[in-house]
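Here are some short exercises on helix packing and ring pairs, each with a worked solution. Have your viewer ready and try each task before reading on.

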Amino acid sequence: MMDNVSLIKMFFLSGLSETVNYRLTLFSATLLYYCLILLVNISLIVIIILDKNLHEPMYILLCTLCINGLYGTTGSYPKFLWDLLSPVHVISYSGCLVQALVMYSFVCCDMSILAVMAYDRYVAICQPLVYHSVMSKQRLINLVCFSWITPLCVIGTNIFLTSRLKLCSPYIAKLFCVNWIIVKLACYPAETTVNNIVAYMTMVIYVFHGVFIVWSYMYLIKTCVNSKENRAKFMQTCVPHLISLVTFIFTVLFDLMNMRYNSNKLPQILQNFVEVEFLVIAPIMNPLIYGFRLTKIQDRILGVITFQIK
């Protein structure tokens with residue numbers, strides 16, 4: 001029977017089926033927003049790289065976060081823009097797996113980087129005397145590598161397991177490829193057991209990332225409440241992290257729960273909104289809230305503007 005299953009070489013994405021009358025408007029708004037994402041993230045990366053005064057762990061991690069934002073949006077926005085202008089929304093089998101890899105690894109990298117940033121703030125505020133020895137250059141390099149390599153390996157394993165499945169349908173009711181949706185297209189659900197186990201293990205790993213981040217900030221709040229200096233430092237460098245973190249986790253969890261347990265009960269337009277929310281909010285919020293609110297970066301921008309005026 002397995003020999004009779006046709007090999008799927010192309011997927012059809014049906015997430016845009018209800019937006020036919022608004023495609024040009026949606027294309028213009030999306031293109032403008034994508035250009036804004038590129039502008040703010042690239043600007044912040046360039047500022048941090050060129051200014052040696054910003055070569056500190058907090059700013060290096062912020063630079064890494066912005067690079068990850070560019071990585072994630074590059075895996076989704078160009079294809080989405082192309083689909084808005086195309087009458088047929090298709091993607092190759094290999095392209096679909098690559099897109100799923102990029103989407104998932106983008107989310108997991110963000111969680112890893114946010115966890116490292118939480119650790120950095122914990123050491124900076126709670127153990128300031130040993131901060132530079134704890135967050136040494138070598139340790140920072142190791143943490144950044146961990147933030148990138150681990151998610152790529154974990155998600156790569158998930159995608160590899162998916163690539164081994166025989167699929168019976170080429171139709172995906174999404175705007176872009178998602179690993180779990182591809183797994184649900186398997187001809188023989190019994191063969192997806194390993195996929196499910198690895199997927200839940202992945203979720204547990206990154207839930208622990210979230211727990212660590214929340215614990216770090218709860219400890220920071222407890223430490224800072226009795227110190228005016230620490231309170232000021234917390235408000236300046238940690239509150240933006242918390243705002244972005246809560247928004248990011250909420251949108252990702254909502255999308256995961258909807259995808260796994262309620263995927264057919266929500267209207268397609270609402271599903272689309274939930275699906276792209278983490279790609280819309282995080283890549284623009286991170287540089288604006290994390291970066292441009294920080295005093296050193298504001299001073300650097302003002303210095304550039306003043307130089308240009310003169």
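**Exercise 1.** Is the crossing of H1 and H2 left-handed or right-handed? Work out the relative direction of the two helices as well.

*Solution.* Keep in mind that this is a predicted model.

Step 1: find the helices. H1 covers residues 23-50 and H2 covers residues 57-74.

Step 2: take the geometry. Their axes are 9 Å apart, and the packing angle is about 150 degrees. Angles over 145 degrees count as roughly antiparallel, so H1 is roughly antiparallel to H2.

Step 3: settle the hand. The crossing of H1 and H2 is left-handed.

Step 4: look at who meets whom. From H1, the contact includes Tyr34, Leu38, Asn41 and Ile45; from H2, it includes Tyr59, Cys63, Ile67 and Thr74. Sorted by class, the residues of this contact are 14 nonpolar, three polar and no charged.

**Exercise 2.** Describe the packing of H4 and H6 in the way you described H1 and H2.

*Solution.* Step 1: H4 spans residues 93-126, while H6 spans residues 137-163.

Step 2: these two helices pack at about 150 degrees, with axes 8 Å apart.

Step 3: the crossing of H4 and H6 is right-handed.

Step 4: among the H4 residues in the contact are Tyr93, Leu101, Cys108 and Tyr119. Their partners in H6 include Arg139, Phe146, Trp148 and Ile159. The class count for this contact is 17 nonpolar, six polar and one charged.

**Exercise 3.** Classify the aromatic pair of tyrosine 71 and tryptophan 148, then place both residues in the chain.

*Solution.* Step 1: the structure holds eight aromatic pairs. In the pair of tyrosine 71 and tryptophan 148, the ring centres are 5.8 Å apart and the planes are at 70 degrees. Planes over 60 degrees apart count as edge-to-face, so this pair is edge-to-face.

Step 2: tyrosine 71 sits in H2 and tryptophan 148 in H6, 77 residues apart, so the pair links distant parts of the chain.

Step 3: tyrosine 71 is partly exposed because its relative accessibility is 23%. Tryptophan 148, at 18%, is buried.

Step 4: for another ring group, look at Tyr122, Phe212, Trp215 and Tyr219, which ring pairs link into a cluster.

**Exercise 4.** Is methionine 285 buried or partly exposed? Relate this residue to asparagine 41 too.

*Solution.* Step 1: methionine 285 belongs to helix H11, residues 268-291.

Step 2: the cut-off for buried is under 20%, so methionine 285, at 19% relative accessibility, counts as buried.

Step 3: methionine 285 and asparagine 41 are 244 residues apart in sequence, yet their C-alpha atoms are 10.0 Å apart in space.

Terms used
Residues are numbered from 1 along each chain as its sequence is written. This is a predicted model: local features need pLDDT of at least 70, side-chain atom pairs count only at pLDDT 80 or more; totals for chains, interfaces and linings use all residues. Side-chain values use heavy atoms; hydrogens and water are left out. Axes are lines fitted to C-alpha atoms, for helices over the stretch in contact, and angles run from 0 to 180 degrees between N-to-C directions. Helices (H or I, at least four residues) and strands (E, at least two) are DSSP runs, numbered from the N terminus. Angles under 35 degrees count as roughly parallel, over 145 as roughly antiparallel, 65 to 115 as roughly perpendicular and the rest as oblique. A crossing is left-handed if the near helix is turned anticlockwise from the far one by less than a right angle, and right-handed if clockwise. Contact means heavy atoms within 4.5 Å. Ala, Val, Leu, Ile, Met, Phe, Trp, Tyr, Cys and Pro count as nonpolar, Asp, Glu, Lys and Arg as charged, and the others, Gly among them, as polar. Rings of Phe, Tyr and Trp (its six-membered ring) pair if their centres lie within 6.5 Å; planes under 30 degrees apart count as stacked, over 60 as edge-to-face and the rest as tilted. Buried means under 20% relative accessible area, exposed over 50%, partly exposed in between (1.4 Å probe, protein chains only).
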